[in-house]
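Dear colleague,

I am passing on the structure we spoke about, together with some notes on its aromatic side chains and its surface. Please look through it before reading on.

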Amino acid sequence: MIRALTALIIVSGLARLDVSAQWQRLTLPAPYSTGYYLDVFFLPGDPQYGWACSIEGYVVRTTDGGQTWQGSQTRRPFLESVQFLTRNIGYTSGPGGIYRSTDGGASWRDITPFDPNNEKGWGCFFLNQNEGVYLVGGCATGVLTFFRTVDGGNSWQWSQNLEANSGLSDAILYRDG
């Protein structure tokens, strides 16, 4: 009897889950509706705020949980990583470079560091508004360049390593303690 009751509770719970977990098709405004988007990020503390970035260099943003979207475009195409630390401060990056926004993604400033090997950049990750990394290289020559900033991309320090066929693309940073 208890097994049957437990099974009934689980089945009824799953039925409610299916009803509440539905996907909706949302429409982006032109020209952003034609983009090929590679990353999406919603602010953990306020999921009404979200951003997505595309190969075309588009960055779309929502302030109402995805019901409506606005867009902007970076100077060079091909973005594959987007992260915001607050409603206003965020970063996006990819082979098109790395960009910083201070107005919620309405506009972007190119903060791409000079790479002595002229390799393509990939992902970025920031611990806070100022401290983060940008990863470059790894595909063509095997030379990996790790760029680090502590001032929001105004200046960069870098180190290199050689690892053939690494395909370096993304990073996650953790702070000790």
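Two rings of Phe, Tyr or Trp (for Trp, the six-membered ring) are taken as a pair if their centres lie within 6.5 Å; planes under 30 degrees apart count as stacked, and planes over 60 degrees apart as edge-to-face. By this rule the count comes to eight aromatic pairs in what is, please bear in mind, a predicted model.

One of these pairs is formed by Tyr32 and Tyr58, which meet edge-to-face, with 5.0 Å from centre to centre and 80 degrees between the planes. This pair links distant parts of the chain, since Tyr32 lies in the loop between H1 and E1 while Tyr58 belongs to strand E3 (residues 58–62), 26 residues apart. Tyr32 counts as buried because its relative accessible area is 15%, and Tyr58 is likewise buried, with a relative accessibility of 9%.

Tyr91 and Phe126 form a stacked pair, with 3.5 Å between the centres and 5 degrees between the planes. Here too distant parts of the chain are linked, Tyr91 being in strand E6 (residues 90–94) and Phe126 in strand E9 (residues 121–126), 35 residues apart; both Tyr91 and Phe126 are buried. Separately, Trp51, Phe84 and Trp108 form one aromatic cluster.

On the surface, Tyr36, Leu38 and Phe78 make a nonpolar patch of about 280 Å². Of these residues, Tyr36 sits in the loop between helix H1 (2–20) and strand E1 (37–42), and Tyr36 counts as exposed because its relative accessibility is 52%, where exposed means over 50%.

With best wishes

Definitions and conventions. Residues are numbered from 1 along each chain as its sequence is written. This is a predicted model: local features need pLDDT of at least 70, side-chain atom pairs count only at pLDDT 80 or more; totals for chains, interfaces and linings use all residues. Side-chain values use heavy atoms; hydrogens and water are left out. Patches are made of residues with over 30% relative accessible area and no salt bridge: like charges are joined within 9 Å, nonpolar side chains (Val, Leu, Ile, Met, Phe, Trp, Tyr) within 5 Å. Accessible areas come from the Shrake-Rupley method with a 1.4 Å probe; for residues, only the protein chains shown count as cover. A salt bridge is a side-chain nitrogen of Lys or Arg within 4 Å of a carboxyl oxygen of Asp or Glu. Helices (H or I, at least four residues) and strands (E, at least two) are DSSP runs, numbered from the N terminus. Buried means under 20% relative accessible area, exposed over 50%, partly exposed in between (1.4 Å probe, protein chains only).
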